[in-house]
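Let us walk through this model from its overall layout down to single side chains. Keep the structure open as you read.

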Number of protein chains: 2
Amino acid sequence: MAATPLFRRIDVAPAYQKVADAIEREIINGRIKPGEPIGTEQQLVAQFGVNRSTVREGIRVLEEGGLIRRDSSRRLQACLPRYNKLATRLSRALILHEVTFRELFETSMTLEVASVEGAVERATEENIAELAGNLARSADVVGNPADLAELDAEFHVLMAKASQNRVLQLAREPAAQLFFPTTEMIVGGVPEGGARLVEAHRHILDAIRRRDKEAGVLWTRRHLQDWRRGFEKIASLDRSVEHTYMEHAYAARQ
Amino acid sequence: MAATPLFRRIDVAPAYQKVADAIEREIINGRIKPGEPIGTEQQLVAQFGVNRSTVREGIRVLEEGGLIRRDSSRRLQACLPRYNKLATRLSRALILHEVTFRELFETSMTLEVASVEGAVERATEENIAELAGNLARSADVVGNPADLAELDAEFHVLMAKASQNRVLQLAREPAAQLFFPTTEMIVGGVPEGGARLVEAHRHILDAIRRRDKEAGVLWTRRHLQDWRRGFEKIASLDRSVEHTYMEHAYAARQ
DNA sequence: AAATCTAGCTTTGTCGGACAAACCGATAAG
DNA sequence: CTTATCGGTTTGTCCGACAAAGCTAGATTT
């Protein structure tokens with residue numbers, strides 16, 4: 001396109017950013033492995049030749065990005081970014097973008113179905129045992145919406161885990177974090193809601209055990225459709241997630 | 001469970017974290033709207049009663065989290081977290097977790113199919129025009145793998161946009177960022193690869209225009225299966241994304 | 001000798017102050 | 001009306017300092 005420029009683009013990134021980038025590079029390309037120490041702030045000061053305040057700003061960037069963390073004794077070490085932490089930030093972004101429950105529901109339907117398909121195909125004995133444990137605990141608290149909602153969320157996490165697909169696990173997490181908290185509202189508001197939920201989980205787990213993909217998908221769809229029907233009794237699918245939560249929080253305080 | 005404790009859990013979060021949390025709260029619950037200024041560092045120092053270094057560390061956290069940014073004149077303002085930036089972090093996380101292309105492919109198949117279904121249902125005239133523009137440009141560079149790969153990625157972004165589902169847009173982004181760069185490798189390595197890609201896009205767009213969901217899904221699947229076949233000619237689906245990219249980068253340098 | 005304690009060194013989190021460069025706004029000059 | 005200039009702000013960086021918490025190794029006790 002253009003002629004070769006005479007000068008290279010001048011690098012104007014602030015020093016703290018360069019510090020963060022330099023450490024990030026070492027982690028990304030594997031020269032520092034997760035769990036390995038990064039060194040003390042003093043050492044970084046010496047290596048980069050910048051002030052400790054500057055180093056600390058760079059550290060904050062990486063810490064928030066999930067690439068490094070401080071161990072029990074506050075020493076820096078590289079780490080594998082936790083999906084959960086990243087997902088939390090994504091959920092926050094979704095709220096700020098004022099997405100609606102309709103969007104959330106549609107996407108969750110897609111991802112939970114994919115999740116159960118994967119689980120039916122590839123769940124290990126251990127995965128199945130975990131799901132069974134969750135189901136047993138759910139049956140015990142069927143009358144307690146708060147506890148049941150928590151176990152419901154866990155059931156779906158375990159299902160995604162059973163799919164053995166980490167990309168899918170990650171992709172579903174942000175939506176799930178916004179989606180499943182409503183379970184408590186719904187189970188609490190619909191008689192027999194808790195029983196239907198546990199029933200659906202039971203059929204899903206059974207389908208996974210029998211490697212029956214069709215049944216797994218069917219019951220997952222029913223399970224989510226149940227959620228949807230319950231939701232529409234108490235709120236509109238086309239309102240933003242943010243507003244709905246706000247109102248619910250307000251109502252709960254009364 | 002336990003008796004009501006006599007003392008409330010004392011807060012030991014470091015000051016910079018509290019600064020970040022305090023500002024985040026104001027943004028999340030809407031008291032500071034996206035685009036509005038946060039104030040200068042000096043003002044934050046005065047308001048929070050902490051040192052400027054501390055304030056700056058808190059700012060770094062929020063900046064990395066995408067909740068605030070500095071405008072042209074480096075003043076702080078709240079902002080809507082950009083999907084893209086967050087997705088980059090997630091992609092990085094996926095690489096560090098050494099996910100395989102099989103996981104990536106499976107999830108992308110799910111999400112792209114959901115994407116085209118949404119697009120068939122809800123694409124606006126404007127969405128269709130954007131897709132058509134992309135298609136026309138693609139046809140022009142059918143012999144240039146690098147440019148074509150870029151336009152392919154854009155086509156799929158536009159398709160997700162046309163689905164009018166922002167949760168879906170967000171959910172597909174991390175996988176897409178890792179998935180589509182390989183298009184260049186594949187199109188370059190398979191004769192007629194470029195032509196098949198443009199052909200698939202043409203059929204997909206046509207299906208969206210005709211609101212023919214079945215055709216849209218069919219051609220999207222074919223399109224991705226094409227990718228998969230091409231990929232398997234040059235690498236294994238079960239190797240980690242990281243290693244495959246490394247080798248490709250190495251080969252390109254020779 | 002093994003376990004425990006203690007004193008000193010290290011490291012982190014925070015603070016205060018400082019300064020150059022970039023930026024902003026307003027005024028002066030063409 | 002545009003351009004140049006100048007002072008006040010603001011950011012990015014640096015220096016030095018200190019309390020609290022953690023770690024280490026030698027001293028003490030059992």
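In this predicted model, the C-alpha centres of domain 1 and domain 2 of chain A lie 37 Å apart. Domain 1 of chain A covers residues 15–78, and domain 2 covers 84–253.

Now bring in the second chain. A turn of 180° and a shift of 0.0 Å along the axis lay chain B on chain A, with an RMSD of 0.1 Å. That is how a two-fold axis relates two copies. The interface tells a matching story. Of the interface residues of chain B, 100% are also interface residues in chain A, so the copies meet through the same surface.

Next come the charges. Side chains of opposite charge can pair when their charged atoms come close. Over all chains, the count comes to 47 salt bridges. Take one in chain A. A:Lys213 and A:Glu121 pair through their side chains at 2.6 Å, N to O. A:Lys213 sits in helix H11 (residues 213–234) of chain A and A:Glu121 in helix H5 (residues 101–122) of chain A, so this pair ties together parts that are 92 residues apart in sequence. A:Lys213 counts as partly exposed, at 31% relative accessibility. A:Glu121 is partly exposed too, at 47%.

Chain B offers a buried pair. The side chains of B:Glu112 and B:Arg172 form a salt bridge of 2.8 Å, N to O. B:Glu112 belongs to helix H5 (residues 101–122) of chain B and B:Arg172 to helix H8 (residues 166–179) of chain B, so the bridge links parts 60 residues apart in sequence. B:Glu112 is buried, with a relative accessible area of 2%. B:Arg172 is also buried, at 2% relative accessibility.

A salt bridge can also stay within one helix, as with B:Asp206 and B:Arg210. Their closest N and O atoms are 2.6 Å apart. Both residues lie in helix H10 (residues 193–210) of chain B, four residues apart, which is about one turn of the helix. B:Asp206 is partly exposed, with a relative accessible area of 33%. B:Arg210 is partly exposed as well, at 45% relative accessibility. Elsewhere, salt bridges that share partners build one network from A:Glu41, A:Arg52, A:Arg56, A:Arg60, A:Glu63, A:Arg70 and B:Glu57.

What does a buried acid do without a salt bridge? Look at B:Asp152. B:Asp152 is in helix H7 (residues 145–162) of chain B. The nearest side chain of opposite charge is B:Arg172, 8.3 Å away. A salt bridge needs a nitrogen and an oxygen within 4 Å, so that distance rules out a bridge between B:Asp152 and B:Arg172. B:Asp152 does have a polar contact of 2.7 Å, side chain to side chain, with B:His201. Setting aside residues up to four places away in sequence, B:Asp152 touches B:Phe180, B:Thr183, B:Leu197, B:His201 and B:His223.

Helix H7 of chain B also holds B:Glu154. B:Glu154 counts as partly exposed, at 31% relative accessibility. Which residues does B:Glu154 contact, leaving aside neighbours within four places in sequence? They are B:Asn134 and B:Arg137. The side chains of B:Glu154 and B:Asn134 share a polar contact of 2.9 Å. For scale along the chain, B:Glu154 and B:Asn144 are ten residues apart in sequence and 15 Å apart in space, C-alpha to C-alpha.

Notes
Residues numbered from 1 in each chain as written. Chains lettered and ligands numbered in written order. Predicted model: local features only at pLDDT ≥ 70, side-chain atom pairs only at ≥ 80, totals over all residues. Heavy atoms only, no water. Helix = DSSP H or I, 4+ residues; strand = E, 2+ residues; numbered from the N terminus. Buried < 20%, exposed > 50% of the residue type's maximum accessible area, 1.4 Å probe, protein only. Lys, Arg positive; Asp, Glu negative; His and termini not counted. Polar contact = N/O pair within 3.5 Å; in protein donor to acceptor, adjacent residues only side chain to side chain. Contact = heavy atoms within 4.5 Å. Domains from an automatic or database assignment. Least-squares fit on C-alpha atoms with pLDDT ≥ 70 in both.
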